[in-house]
Amino acid sequence: MTVKERTAQVLEENVGRYVSGADIASELGVTRNAVWKAVVTLKKEGYIVSAVTNRGYCLSEYSDILNMASLRKVLEPRYAINLKLCKRVTSTNSVLKVMAGKNAPEGTIIVAAEQVGGRGRYDRAFASPAGGVYFSILLRPDIPAENSLMITTAAAVAAAEVIEEVSGRKTSIKWVNDIFIGDKKVCGILTEASLGLGGGILDYAILGIGVNVNEPEDGFPKEIKDIAGAVITDDMRVSNPRSRIAGGIINRFFEIYLNMNKSMDFVSEYKKRSVVIGKDVYLISPTDTREVHVVDIDDDCRLIVKSPDGDTFKVSSGEVSLKLK
Ligand code: BTN
């Protein structure tokens with residue numbers, strides 16, 4: 001373990017209590033200056049440490065620590081077998097795609113504190129600054145490709161429930177993959193499927209989830225500042241929100257996913273939070289835009305919509321997006 005990791009360990013064992021720099025230094029067999037340097041780095045990583053002359057260092061219980069230990073504290077051990085954590089990556093979905101091509105097993109997970117090439121639906125960029133948490137899960141379900149919509153739906157329910165639990169704030173879901181708090185988007189989900197050789201059946205799916213946990217230090221980038229919001233605001237006192245949100249979503253997602261053939265109860269949780277049911281919306285596909293009324297969401301997570309001429313039909317295509325009128 002490095003001096004930084006060992007310093008973190010001592011601070012974490014004494015959350016809310018002061019430990020003198022001299023005591024940490026002697027326990028670690030290093031200089032007080034080395035301890036001070038470690039604390040400076042830890043602060044940059046989300047540790048809130050106060051330093052008081054003659055008392056030492058004190059780690060606040062409201063820090064936002066995102067490391068293997070903090071994730072493992074939340075994650076069910078059976079979901080943490082192939083877990084990788086990166087400070088910064090291009091895109092967790094892209095990295096996992098390469099690993100999937102090399103036969104990485106179902107349940108391989110990559111978590112990142114920042115993405116520099118984050119991707120959203122329709123090949124759009126997904127701004128992923130430090131402050132949020134971004135992760136992807138490799139799945140190898142034995143289901144037809146068209147059912148991959150259920151993966152996204154299950155993930156949306158998991159994300160909404162866990163964000164509510166950690167923050168105490170109410171969420172809503174815009175079909176199919178956007179989670180909102182009030183009128184601000186706090187989470188996006190992208191499921192990318194790869195078809196097997198015969199076509200039709202999934203070879204694998206990569207489920208990618210990005211959560212704006214905290215507002216970035218310099219605010220959200222200008223291209224999203226009017227639509228994006230943070231789950232945790234400055235006035236809230238929450239400990240380790242990034243680890244709890246990422247770990248919690250992964251746990252809850254697997255709970256739903258592994259029971260999908262027995263229970264579809266999650267669909268009612270989805271419907272409870274849907275902002276589109278009962279609304280008139282624009283249905284936007286690459287070729288046209290039409291106005292429809294959303295009647296319901298069925299058990300396969302498809303939208304049931306009614307056109308102005310009274311036609312009722314179902315929508316499941318990943319190529320369709322909605323805009324509220
Ligand atoms: C969207 O809102 O259009 C979907 C955004 C999905 C973003 C997540 S962040 C983790 C994973 N890696 C990516 O590059 N994208 C997904």
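# The ligand shell and a three-stranded sheet

Modeller: In this predicted model, helix 5 (92-101), strand 6 (133-139), strand 9 (184-195) and strand 10 (202-211) each supply at least two residues of the shell around the ligand.

Biologist: Which element gives the largest share of the shell around the ligand?

Modeller: Helix 5, strand 6, strand 9 and strand 10 each give at least two shell residues. The largest share is four residues, and these come from strand 9.

Biologist: How many residues of the shell are nonpolar, polar and charged?

Modeller: There are 19 residues around the ligand, and Ser91, Gln115, Arg119, Arg121 and Lys185 come nearest. Sorted by class, the shell has four charged residues, five nonpolar residues and 10 polar residues.

Biologist: Where does a backbone N or O atom of Arg119 lie relative to an oxygen atom of the ligand?

Modeller: Arg119 is among the residues that come nearest to the ligand. The contact here uses a backbone N or O atom of Arg119, and its partner is an oxygen atom of the ligand. The distance between the two is 2.7 Å.

Biologist: Which residue has a backbone N or O atom 3.5 Å from a nitrogen atom of the ligand?

Modeller: Arg121 can be set aside, as its backbone N or O atom lies 2.9 Å from an oxygen atom of the ligand. The residue with a backbone N or O atom 3.5 Å from a ligand nitrogen atom is Asn93.

Biologist: What percentage of the area that the ligand exposes alone does the protein bury?

Modeller: The space taken by the ligand is the second largest pocket. Taken alone, the ligand exposes 420 Å². Of that area, the protein buries 97%.

Biologist: Now the open sheet of three strands: what is the order of its strands?

Modeller: Strand 1 (residues 18-19) pairs with strand 3 (residues 56-59) in the antiparallel sense over two bridges. Strand 2 (residues 49-52) also pairs with strand 3 in the antiparallel sense, over four bridges. The order in the open sheet is therefore 1-3-2.

Biologist: Why is one side of strand 1 and of strand 2 left without a neighbour in the sheet?

Modeller: Val19 has Tyr57 in strand 3 as its bridge partner, and Val49 stands opposite Leu59 in strand 3. Strand 1 and strand 2 each have one side without a neighbour because each stands at an edge with a single partner strand.

Biologist: Which residue in the turn between strand 2 and strand 3 has a positive phi?

Modeller: Strand 2 and strand 3 form a hairpin, with three residues between them. The turn residue with a positive phi, about 70°, is Asn54.

Terms used. Residues numbered from 1 in each chain as written. Predicted model: local features only at pLDDT ≥ 70, side-chain atom pairs only at ≥ 80, totals over all residues. Heavy atoms only, no water. Near = heavy atom within 4 Å. Polar contact = N/O pair within 3.5 Å; in protein donor to acceptor, adjacent residues only side chain to side chain. Areas by Shrake-Rupley, 256 points an atom, 1.4 Å probe, with all protein chains shown as cover. 1 Å grid on protein atoms, 1.4 Å probe; cavity = no way out; pocket = protein on both sides within 12 Å on 5 of 7 lines; lining within 4 Å. Sits in = over half its atoms within 2 Å of the grid points. Nonpolar A, V, L, I, M, F, W, Y, C, P; charged D, E, K, R; others polar. Pairing = 2+ DSSP bridges.
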